[in-house]
Each structure stands twice: as structure tokens, then as C-alpha cells.
Amino acid sequence: MSIDRTIKLILPLAFAAGLVTQASAQTIKIGVNQPLTGPFAASGTYVVNGAKIAADEINAKGGVLGKKIELVIEDNKSNPTEAAAVAEKLITGDKVPVMMGAWGSSLTLAVMPKLMEYKVPMVVETSSSGKITTSGNPYIFRISPPSAIEAEAFKPMLPKLGIKKADFLVINNDWGRGASADFGKVLKDSGVSVGLVEIMDQSAQDMTAQLSKIKASDADTLIVTTAVEQLTLVLKQAHALGLKKQIITTGASQNPDQLIEQAGVAANNSMHLTTFLPWLPEDTPNPDATKYFISEWKKRGFNFAGTTESFRGYDGIRTIVAGIEKAGKAEPAAITEALWHVEVKGLNGTVKFAKVGPAGKESAQSTPNVYLVKIVDGKVTHPKL
Amino acid sequence: MDQFLQHIVNMFILGGTYALLGIGLTLIFGIMRVVNFAHGELYTFGAYFVYLASALLGMNFFVSLVIAIVFGCALGAAIEFILLRPIRSADIDTTMLVMIGAMIVMQNTEQYVWGGVAKSVNTPFGESALVLGPISVSWLRIFVFVAALALIAGSYLLINRTKLGKAMRATFQDRDTASLMGVNIQFIYMATFALGSSLAAAAGALLGPVYVISPQMGNLASLKAFAIVILGGLGSIGGATIGGFILAFAEEIGAGYISSGYRDAMGFLIIILVLMFKPTGLFARAERIG
């Protein structure tokens with residue numbers, strides 16, 4: 001190849017590259033670290049789709065600080081090692097000043113040392129392990145409730161549910177064990193006794209042994225913490241065993257629509273602590289925003305059942321953008337500082353951060369609303385308690 | 001006592017399930033000496049096929065089961081023909097790597113085609129259960145138990161009482177001699193792998209509706225199947241059946257009376273104990289050494 005031809009080839013490429021760099025300088029990048037493949041793929045994809053709705057809405061109104069926002073979406077493959085690698089790539093490669101992630105507690109916990117290393121803030125949209133905000137990481141801004149907040153919100157509902165003694169069946173990880181500890185404490189404080197605490201492996205499909213033991217106990221209520229697939233199996237197997245206790249699930253990852261579809265009659269009369277009410281927009285803190293979000297979700301042809309996950313992506317991005325706006329510049333340190341002062345009308349109440357964890361290096365936690373919904377005859381209802 | 005009876009019933013139902021998982025693998029792993037890492041994916045394939053036929057195409061549930069088994073058999077034959085036949089004389093490590101590759105490709109294809117959201121299949125049994133005093137068990141699981149026993153008995157008769165079974169056993173005992181006696185070796189290899197695969201697909205087709213169907217469902221099935229086969233002894237259908245029931249017993253009683261946190265550990269503890277005293281498994285066939 002002659003030099004002449006080489007130059008002819010390279011010049012337009014170089015020019016194009018220049019254009020690309022210029023274009024990206026006019027956007028503000030936000031890193032999104034979610035599981036798009038692997039066991040949590042469905043949930044992670046919902047969160048990303050919710051985030052895209054927020055980004056499009058913000059960009060349609062002119063963006064932030066005069067620039068459009070650009071979501072840099074990376075797949076952490078439902079794997080903690082990948083989640084940490086993805087965070088590193090977003091920070092050092094894409095130079096994002098702020099991130100949202102990483103769905104599961106174990107994924108988020110794996111990312112956290114990277115935040116310390118590079119001093120970049122992350123809005124945590126889904127994870128609920130208590131450890132995330134108590135381990136002294138000042139770059140964590142969590143909008144999802146940890147089980148302690150969920151358990152506190154559950155406290156006033158206890159007398160009306162008539163619970164005297166409760167058994168637990170929880171997934172064997174930080175989330176499940178944390179939930180049984182936090183809810184157990186709240187129950188005991190309210191004079192409710194705690195019976196069995198049964199554990200199920202994350203990948204287990206057959207819980208009849210645990211449920212048979214629970215069936216034989218004298219408790220009136222069973223509190224279950226796990227993700228929707230395993231919960232479907234728990235409900236079906238409990239139904240087949242003729243378990244007569246009232247079943248209440250925690251963790252806000254239960255997806256009642258999917259339960260109704262897949263567990264059928266076995267889902268009836270089960271109750272679920274959730275953090276969003278897409279079925280009853282009027283009962284949410286910001287009905288107009290909820291209606292807008294749901295109509296946009298439907299317009300894009302997504303499955304309605306996904307809204308209980310995707311609203312977190314929507315709220316997360318809007319929280320981040322409010323932080324960028326308050327900071328006045330898209331730099332990690334300024335955004336970290338500004339996020340402490342944002343007040344965002346989220347789909348699930350106002351996002352406003354309070355300090356938790358060891359003094360001097362507190363993490364941020366907002367207090368979202370928690371609702372108890374009940375499945376009655378294949379429909380989601382919101383009993384007034 | 002009521003709780004104990006329920007645990008015993010659960011154990012039989014779960015044991016039938018485990019035995020079904022084990023027999024398909026014991027044929028391929030035990031007789032052909034192919035470490036079939038794709039076993040769990042053939043199981044998943046069967047489950048998705050039932051979902052496709054009954055939930056999406058609206059076919060009768062029982063017809064869907066048969067179709068899933070037939071297609072599982074065809075997929076097994078195809079895997080043997082395309083992947084295993086060219087490397088028949090290769091050592092066990094090579095076939096193991098090929099099967100790991102097949103597993104990864106199949107699992108990712110399932111993820112790509114069906115997405116990550118778990119699917120469920122409605123059956124004519126619904127969610128109704130048979131209640132006998134303090135014991136309750138769903139009709140679907142009773143059906144699965146009976147079907148599993150029928151498949152196990154059928155496989156046993158096929159291997160031990162038919163001419164094809166005799167040819168299979170002869171081939172894997174001594175390939176050259178069998179060939180000299182007029183056994184069509186190529187056909188026997190394909191038939192054995194296809195039979196093992198169709199049993200895996202049958203297990204998936206029967207258990208998919210009991211649980212939920214997801215691309216990852218094969219991982220746990222594979223793990224349990226290997227445990228059962230090693231416990232029962234390679235290549236023994238009776239051993240895999242009894243191995244399945246022993247594993248179910250350990251898990252059920254372990255979770256019910258010791259600690260549910262260690263439910264899976266109980267099963268593997270028993271396997272370690274068995275292997276310490278009987279390294280070839282409980283019911284291993286006598287092997288010719290050298």
C-alpha cells in the first residue's frame with residue numbers, strides 16, 4: 001500500500017474519531033452496572049429499561065447543565081467479580097463521574113472497594129443487605145430499603161395482621177439471613193414470638209422438606225425472603241402441602257404479577273411487602289409521575305410485571321441527574337457532595353439521603369415507602385391497614 | 001409423627017425425581033465413559049420443549065411430554081454424530097472438554113432464545129393435591145413419580161432383556177470383539193447416547209412443570225445427577241435408582257430434623273462416606289482390569 005493511499009484511508013478515520021470525541025464531550029456520561037445475563041438477567045434488564053425512560057425524559061427536556069446525558073450500560077453477568085471489573089472499566093475507561101448499580105447485594109458489595117479506590121459515587125437502586133450502608137463507604141447512596149427499614153415499616157402492620165408467632169423461610173445469603181435477623185428483632189420488640197428459621201439454598205428448587213417442618217409448627221404466619229422464581233416454587237409447594245399459615249414475603253423483589261401468572265391459585269392470599277404500587281397509581285406518593293412512567297413503559301412494549309423492578313432504574317437516574325445539576329459540574333467529588341442535598345420526587349416517595357454507618361465515613365440512605373399488598377383471586381390488592 | 005410421615009412421602013417423591021435424573025447419565029457416563037456435562041442442558045431442553053408445545057402451541061400436556069422426549073432423543077443422536085463420533089478414540093479429557101463446550105453453547109442459546117425470565121407450564125393437574133389425613137402431596141408430583149418409575153423400569157428392561165441392550169453392553173465391554181461378532185458399533189454408540197439424552201429430556205419435561213423453567217435449571221440437575229451416579233456406581237440403573245432415593249432421604253431428613261441450612265451438605269456427606277468405604281459406588285458392575 002502506498003503512503004498516499006494510507007493517508008487517504010487514515011485521514012477520514014482520524015476526522016471521524018475527532019467528531020466522536022467532540023460529540024461525547026457534549027454529553028454527561030452516567031455508568032450503569034447491571035446484570036443483563038445470568039440468573040438475574042430479567043431484573044437487571046428491567047432496571048436498565050427504567051433508566052432509559054428517565055434518560056429520554058431528561059434529554060427531551062434539554063438534559064442537564066446544557067448537555068444531554070448518556071447512559072453507559074455494562075453487563076455484570078450476575079457475577080460479583082464481573083461487577084467489580086465493570087465498575088473499573090466504567091470509571092477508568094469511560095470516565096463516568098457517577099454510576100448506578102449493581103442490583104444484587106453481593107454484586108454491589110463487590111463494586112464498593114472500587115468506589116473507595118477511585119472516589120466515584122454510586123446510587124444503589126435495588127440491593128437491600130444492611131452491610132452496604134454500614135461498612136463505612138461514603139460513596140454509597142442507596143434509594144432501596146435495607147431490611148431494617150422494611151422491618152420498621154412492617155411494625156405498625158403487625159397488630160392488624162393478627163400475628164402471634166411467625167416462622168421464617170429465607171434464602172441462604174446476606175439478603176435472606178439479614179432479613180430474618182432484622183424482621184426477627186422487630187417481631188420480638190412487638191411481642192410476637194419467632195418460631196423456626198429455615199434456610200434454603202439459592203439454587204434449591206425443592207423446599208418441601210423445610211415447608212413440611214413449617215407446616216407442623218404452631219406458628220400462624222410464615223415470612224419468606226427470596227427472589228421471585230424461588231418464591232413461586234415456595235408458594236406452589238406450600239399449597240400442595242396444604243400449609244394453612246398466612247404467608248408474607250419481604251425484600252420487594254417478589255413481582256406479584258409473575259407470581260399470579262406462574263403460581264396460579266397457589267399465590268392467592270399471599271401478602272408481599274413492596275416498594276412500588278404500579279397497580280394503584282393513585283395510592284403512590286406522586287400519582288402523575290407514576291402514571292407517566294407506566295404509560296411510557298407500556299408504550300415501549302415492555303411486560304407490565306417488570307415495573308416493580310424498573311421504577312428503581314427510573315428513580316436512580318433521576319436522583320443522579322438531580323445530583324449533577326446541584327453540583328453544577330460533572331465531576332465525582334462535586335456530585336458526591338451534591339447528592340447529600342438532593343430532594344427528588346421519586347415514584348416511591350421523596351429521595352432524600354440521611355447518614356448511616358460509622359461516623360466520619362457515613363453512607364447515604366433514603367427512606368422509601370413500603371406497602372403491603374395482598375393477592376386476592378388472582379389480583380393485586382392494597383388492603384388498608 | 002405427622003411431620004415424619006410427610007417427610008417420608010416427600011422422600012419417595014423426590015427420590016423418584018432424582019433417580020430419573022440419574023439413569024440417563026449413568027448410561028452415558030457409566031457405559032460409554034463420556035463425562036456428559038451437557039446432561040443438565042438436555043434436561044433443560046426437555047423442559048423448554050414441553051413449554052413450547054403445551055403453553056405456546058396449545059398442545060395436550062401428555063402429547064407434549066412425548067414430543068419433548070422424542071426431540072431430546074434426536075438432539076442426543078445429533079450431538080453424538082457431530083461432536084462425539086469424530087473423537088471416539090480420543091481420551092476422556094478431550095471428550096470432557098467437548099462436552100463442557102457443548103454445555104456452554106446450549107445454555108447460552110437457551111438464554112438467548114427464551115430470555116432470563118422463568119417460564120411455567122400449566123398442567124391438567126393444576127395445583128390440586130391428594131390429602132390423606134396429615135399428609136398432602138400434589139397430583140402432578142404423583143404423576144411424575146409414577147412416570148419416573150415407568151421410565152426407569154423400561155430402561156432396565158431395555159438394557160438387560162433386549163437384543164439391543166445386549167449389544168450395548170457387549171460394545172462397551174469390548175468394542176472390537178463386539179464388532180467382530182457383527183454388532184453395528186456406530187449405531188450402538190448413537191443409540192446409547194440418544195437413549196441417555198431422551199431420559200434427560202424426559203426428566204426435564206416431567207420436572208419443568210413441577211418447578212419453573214429457566215436457562216440455569218440444568219446446573220443443579222447436573223450436579224445432583226453426577227452425585228447420584230457416583231453414589232450408585234457407574235453404569236448401574238438399579239444403583240442410580242437407589243442412589244437417587246438415598247440422596248433424597250439424606251436431604252429430606254437432614255433438612256427436616258437437623259438443619260435446612262445444610263440440606264445439600266447432607267447428601268454430599270453421605271456420598272463421601274460411601275466412597276470412603278466403597279470407592280466404586282454402591283452397586284458398581286464388576287470391571288475387567290487391564
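This talk covers one helix and one sheet in chain A of a predicted model.

Some ground rules. Residues count from 1 along each chain as its sequence is written, while chains are lettered from A and ligands numbered from 1 in the order written. Because the model is predicted, local features need pLDDT of at least 70, side-chain atom pairs count only at pLDDT 80 or more, and totals for chains, interfaces and linings use all residues.

Helix 2 of chain A comes first, residues 41-60. Helices (H or I, at least four residues) and strands (E, at least two) are DSSP runs, numbered from the N terminus. Its 20 residues should span 28 Å, at 1.5 Å times one less than the number of residues. The end C-alpha atoms are 28 Å apart, which agrees.

Is helix 2 of chain A largely enclosed or not? 14 of its 20 residues are buried, so the rest of the structure largely encloses it. Buried means 20 or more other C-beta atoms within 10 Å of the residue's own, with C-beta atoms placed from the backbone. After helix 2 comes A:Gly62, with a positive phi near 100 degrees.

Now the sheet. It is open, with 7 strands of chain A in the order 7-6-8-9-10-15-16 and mixed pairing. Pairing takes at least two DSSP bridges between two strands. The edges are strand 7 (193-200) and strand 16 (379-381) of chain A, each pairing on one side only.

Strand 15 (residues 371-376) of chain A runs antiparallel to strand 16 of chain A, over 3 bridges. One bridge partner there: A:Lys374 goes with A:Thr381 in strand 16.

Terms used. A residue is buried if 20 or more other C-beta atoms lie within 10 Å of its own, exposed if 12 or fewer, and partly exposed in between; C-beta atoms are placed from the backbone.
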